Amino acid sequence: MTALPIIIDCDPGIDDAIAILTAFVSPELELLGITAVCGNQPLERTVRNALQLCELGGRADVPVFAGCFRPLLRQPIHGHFHGGSGLGNTVLPDPVKVAEERHAVDFLIESCRAAAANNRKLTLCTLGPLTNVAVALRMDPAIAAGIERIVMMGGAYREAGNRTIAAEFNILADPHAAHIVFSSGLPIVALPLDATHQVILTPGYAAQLSGAAGRISGPLGEMMAFWDRNDVRRYGARGGPMHDPLVIAYLLAPHLFGTEVARVFVEHDSELCLGQTIADWYGKSGQHPNVEIVTRVDAQGVFDLFHERLSRYAPEALT
């Protein structure tokens with residue numbers, strides 16, 4: 001089977017880390033590179049975290065590119081749930097490898113052009129704010145010919161926001177970039193809070209996944225423990241939502257997910273509702289649907305998938 005060529009655009013991030021570490025051991029995915037963006041942490045830290053994760057996962061071959069250092073128009077905001085480093089209290093060794101000299105936006109443009117020329121389109125996996133992708137599309141709209149689809153974590157529809165009353169963090173962090181991407185005409189699969197809140201990394205699941213993860217068990221367990229929101233009222237259990245990992249799970253096992261199509265609009269003017277994603281489920285706008293929104297997830301199936309994948313870090317599986 002031919003591997004699916006992907007680029008992961010991200011702002012690591014504990015949940016990004018789980019997603020990236022899973023992608024590293026999934027041969028169905030050909031990871032061409034990781035592009036970092038300002039989001040959960042400032043750009044300098046998200047780049048460093050991506051480099052450290054490459055070394056933790058034994059994938060120093062994956063190039064890392066530094067992208068946009070701030071949102072398009074608004075002031076930067078950063079995540080509340082990832083600790084001062086972005087990876088909780090986990091201390092990883094200083095990275096040996098360094099980021100590539102090319103800017104992430106240039107890498108995205110060049111990769112999409114090459115994909116179009118070779119008739120082998122890319123899937124963009126966006127785990128953070130959409131600044132890098134929006135800038136690439138503005139600089140060279142023709143790159144859309146090299147993009148099969150965007151599979152993103154972002155937005156909230158029937159579920160309330162997680163950073164404000166109305167908005168999910170990735171969209172709120174750069175709503176103008178999100179507006180550009182949602183208006184691009186590209187095929188988009190969105191995994192919003194409506195989906196990710198169905199998959200809670202409880203302490204029990206965290207112990208199972210980290211316990212199976214062989215040589216990365218220690219740092220992975222520390223990150224997962226830090227991710228526990230301890231907000232039973234909102235999530236129905238202790239733990240934290242598996243936001244970004246669901247992007248990788250969707251690529252590997254789409255049968256575990258159910259979707260509905262809708263036209264999506266992004267609020268980028270209102271002070272109260274800045275960053276809100278609004279879905280026209282019933283055609284009231286008169287505009288065609290532009291997004292497949294994931295609304296249903298087989299949570300047990302997803303955890304079984306991550307257990308199997310992370311177990312590939314066991315020492316015997318690497319010899």
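How are α1 and α9 oriented to each other? Keep that question in mind while you open the structure, which is a predicted model, and begin the tour with this pair of helices.

**First stop: α1 and α9**

Select residues 14–24, which form helix α1, together with residues 217–226, which form helix α9; the two axes come within 9 Å and cross at roughly 140°. Angles over 145 degrees would count as roughly antiparallel, and α1 and α9 are therefore oblique to each other. If you turn the view so that one helix lies in front of the other, you will find that α1 passes α9 in a left-handed crossing. Now show the side chains: Ile14, Ala17, Ile18 and Leu21 from α1 meet Leu220, Met223, Met224 and Phe226 from α9. Sorted by class, this contact consists of eight nonpolar residues, with no polar and no charged ones.

**Second stop: the sheet**

Next, colour the strands and follow the open sheet of nine strands, whose order is β3-β2-β1-β4-β5-β6-β11-β9-β10 and whose pairing is mixed. At the edges stand β3 (64–66) and β10 (277–280), each with a single partner strand, so one side of each has no neighbour in the sheet. Looking across the sheet, you will see that neighbouring strands are turned by 30° against each other on average, direction ignored.

**Third stop: β2, β3 and leucine 32**

Stay at the β3 edge and select strand β2, residues 29–36, which runs parallel to β3 and is joined to it by three bridges. To place one of the pairings, pick threonine 35, whose bridge partner in β3 is phenylalanine 65.

Then pick leucine 32, which also lies in β2. Is leucine 32 buried or partly exposed? Its relative accessible area is 26%, and since buried requires a value under 20%, leucine 32 counts as partly exposed. Beyond its neighbours within four places in sequence, leucine 32 is in contact with Pro5, Ile6, Ile7, Pro63, Phe107 and Leu122. A distance label drawn from C-alpha to C-alpha between leucine 32 and valine 64 should read 9.5 Å, although these two are 32 residues apart in sequence.

**Fourth stop: β4**

Move along the sheet to strand β4, residues 122–126, where five of the five residues are buried, so that the strand is largely enclosed by the rest of the structure. In a regular strand the side chains alternate between the two faces of the sheet. In β4 both faces are covered, with Leu122, Leu124 and Thr126 buried on one side and Thr123 and Cys125 buried on the other.

The two partner strands are worth showing in turn. Strand β1, residues 4–10, pairs with β4 in the parallel sense over four bridges, and here aspartate 9 stands opposite threonine 126. Five bridges join β4 to β5, again running parallel, and here cysteine 125 stands opposite valine 151.

**Fifth stop: α6 on the sheet**

Select helix α6, residues 175–182, which lies across β5 (147–153), β6 (188–191), β9 (257–266) and β11 (291–297), and which runs at about 110° to β9. Seven of the eight residues of α6 are buried, so this helix is largely enclosed by the rest of the structure. Those buried residues are Pro175, His176, Ala177, Ala178, Ile180, Val181 and Phe182. Displaying what surrounds them brings up α4 (131–139), β5, α5 (169–173), β6, β9 and β11, against which they pack.

**Sixth stop: α3 and α4**

With α4 in view, add helix α3, residues 104–117, which packs with α4 at an angle of about 60°, the axes being 9 Å apart. That makes α3 oblique to α4, and α3 passes α4 in a right-handed crossing. At the contact, Ala104, Val105, Leu108 and Ile109 in α3 meet Asn132, Val133, Val135, Ala136 and Met139 in α4. By class, this contact has eight nonpolar residues, one polar residue and no charged residues.

**Last stop: α11 and α12**

Finally, select helix α11, residues 245–252, and helix α12, residues 299–310, which pack at an angle of about 90° with their axes 11 Å apart. They are therefore roughly perpendicular to each other. Here Pro245, Leu246, Ala249 and Leu252 in α11 meet Val302, Leu305, Phe306 and Arg309 in α12, a contact with seven nonpolar residues, no polar residues and one charged residue.

Technical notes: Residues numbered from 1 in each chain as written. Predicted model: local features only at pLDDT ≥ 70, side-chain atom pairs only at ≥ 80, totals over all residues. Heavy atoms only, no water. Axes fitted to C-alpha atoms, helices over the stretch in contact; angles between N-to-C directions. Parallel < 35°, antiparallel > 145°, perpendicular 65-115°, else oblique. Left-handed = near helix turned anticlockwise from the far one by under 90°. Contact = heavy atoms within 4.5 Å. Nonpolar A, V, L, I, M, F, W, Y, C, P; charged D, E, K, R; others polar. Pairing = 2+ DSSP bridges. Buried < 20%, exposed > 50% of the residue type's maximum accessible area, 1.4 Å probe, protein only.
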